[in-house]
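Please look over the model shown here with attention to its internal spaces, its surface and its charged side chains. The briefing that follows takes these topics in turn.

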Amino acid sequence: MAKAKENFGKILENQQQLLDTITDQVGKVSELFSPDQEVAETGQQLFSEYVAKSKELMEKQMEPKEADKFWENLPDQYAKAVEFQMDYFNKTVEFYKTAFDKFNVKTQQDNWKKLTEVYQKSYDAMVETTNANLKIMQEFFN
């Protein structure tokens with residue numbers, strides 16, 4: 001009975017090591033596919049700036065002192081709106097260009113190489129654990 005308990009403990013230990021390895025590898029895969037923090041912050045900042053300028057323009061148009069001159073001010077307000085929307089468009093295009101440059105062919109090749117390494121390490125860990133557990137079971141039944 002003591003031998004069975006000892007063998008069962010070894011199998012559990014092997015399984016825990018496998019679980020730790022797989023957990024570590026899943027973390028590495030997550031890192032490969034998680035968004036770049038700097039890119040995410042830049043995108044958020046760009047959008048926040050656009051919303052703030054839109055709000056400012058609308059609030060200025062809706063001021064009581066400006067309401068009487070709505071039609072008179074409309075061409076100027078429209079020109080300002082088009083100007084800052086074009087500015088936003090240009091900044092957005094540049095933002096996407098910069099963001100996508102980080103995912104060029106070389107980067108993708110490196111990511112696939114890392115992903116292959118993760119897969120190989122996970123596979124090797126499963127094979128090693130299975131072999132170790134089979135050896136324990138064979139020794140127990142012999």
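## Cavities, pocket and salt bridges

The second largest cavity is lined by Gln-61, Glu-66, Lys-69, Phe-70, Asn-73, Leu-74 and Gln-77. The model is a predicted one, and it holds two cavities of 30 Å³ or more. The points below begin with these cavities, then move to the largest pocket, the surface and the salt bridges.

**Cavities**

- The second largest cavity encloses about 40 Å³ of space, and helix α4 gives the most to its lining, with four residues.
- Sorted by class, the lining of the second largest cavity has two nonpolar, three polar and two charged residues.
- The largest cavity has a volume of about 60 Å³, and its lining is made up of Leu-46, Glu-49, Tyr-50, Lys-53, Phe-84, Asp-87, Tyr-88 and Lys-91.
- Helices α2 (37-62) and α4 (70-101) each supply at least two residues of the lining of the largest cavity, which by class has four nonpolar, no polar and four charged residues.

**Largest pocket**

- The largest pocket holds about 180 Å³ of space, and the residues that line it are Lys-53, Glu-56, Leu-57, Lys-60, Lys-80, Glu-83 and Phe-84.
- Both α2 and α4 supply at least two residues each to the lining of the largest pocket, with the largest share, four residues, coming from α2.
- The lining of the largest pocket divides into two nonpolar, no polar and five charged residues.

**Surface and a residue of helix α5**

- Tyr-78, Val-82, Met-86, Phe-89 and Val-93 make a nonpolar surface patch of about 500 Å².
- Within this patch, Val-93 is found in helix α4 and is partly exposed, with a relative accessible area of 44%.
- Met-137 is found in helix α5 (residues 105-141), where it counts as partly exposed at 33% relative accessibility.
- Met-137 and Asp-24 are 113 residues apart along the chain, and their C-alpha atoms are separated by 27 Å.

**Salt bridges**

- Side chains of opposite charge can pair when their charged atoms come close, and the count for this structure comes to seven salt bridges.
- One of these joins the side chains of Lys-91 and Glu-49, at 2.7 Å from N to O; because Lys-91 lies in helix α4 and Glu-49 in helix α2, the pair ties together parts that are 42 residues apart in sequence.
- Both partners of that bridge are partly exposed, Lys-91 at 33% relative accessibility and Glu-49 with a relative accessible area of 29%.
- Glu-49, Lys-53, Asp-87 and Lys-91 are linked in a network of salt bridges, and these four residues are also among those that line the largest cavity.
- The side chains of Lys-55 and Glu-59 meet in a salt bridge of 3.9 Å, N to O, and both residues lie in helix α2, four residues apart, about one turn of the helix.
- Of this pair, Lys-55 is exposed, with a relative accessible area of 51%, whereas Glu-59 is partly exposed, with a relative accessible area of 46%.
- In helix α4, Lys-80 and Asp-76 lie four residues apart, about one turn of the helix, and their side chains meet in a salt bridge of 3.6 Å, N to O.
- Lys-80 is partly exposed, with a relative accessible area of 35%, and Asp-76 counts as partly exposed at 42% relative accessibility; Lys-80 is also one of the residues that line the largest pocket.

Key. Residues are numbered from 1 along each chain as its sequence is written. This is a predicted model: local features need pLDDT of at least 70, side-chain atom pairs count only at pLDDT 80 or more; totals for chains, interfaces and linings use all residues. Side-chain values use heavy atoms; hydrogens and water are left out. On a 1 Å grid over the protein atoms alone, a cavity is a set of points where a 1.4 Å probe fits but cannot get out, and a pocket is an open set with protein on both sides within 12 Å along at least five of seven lines; lining residues have an atom within 4 Å of a point. Grid points are joined across faces, edges and corners, and a volume is the space filled by probe spheres set on the points. Ala, Val, Leu, Ile, Met, Phe, Trp, Tyr, Cys and Pro count as nonpolar, Asp, Glu, Lys and Arg as charged, and the others, Gly among them, as polar. Patches are made of residues with over 30% relative accessible area and no salt bridge: like charges are joined within 9 Å, nonpolar side chains (Val, Leu, Ile, Met, Phe, Trp, Tyr) within 5 Å. Accessible areas come from the Shrake-Rupley method with a 1.4 Å probe; for residues, only the protein chains shown count as cover. A salt bridge is a side-chain nitrogen of Lys or Arg within 4 Å of a carboxyl oxygen of Asp or Glu. Buried means under 20% relative accessible area, exposed over 50%, partly exposed in between (1.4 Å probe, protein chains only).
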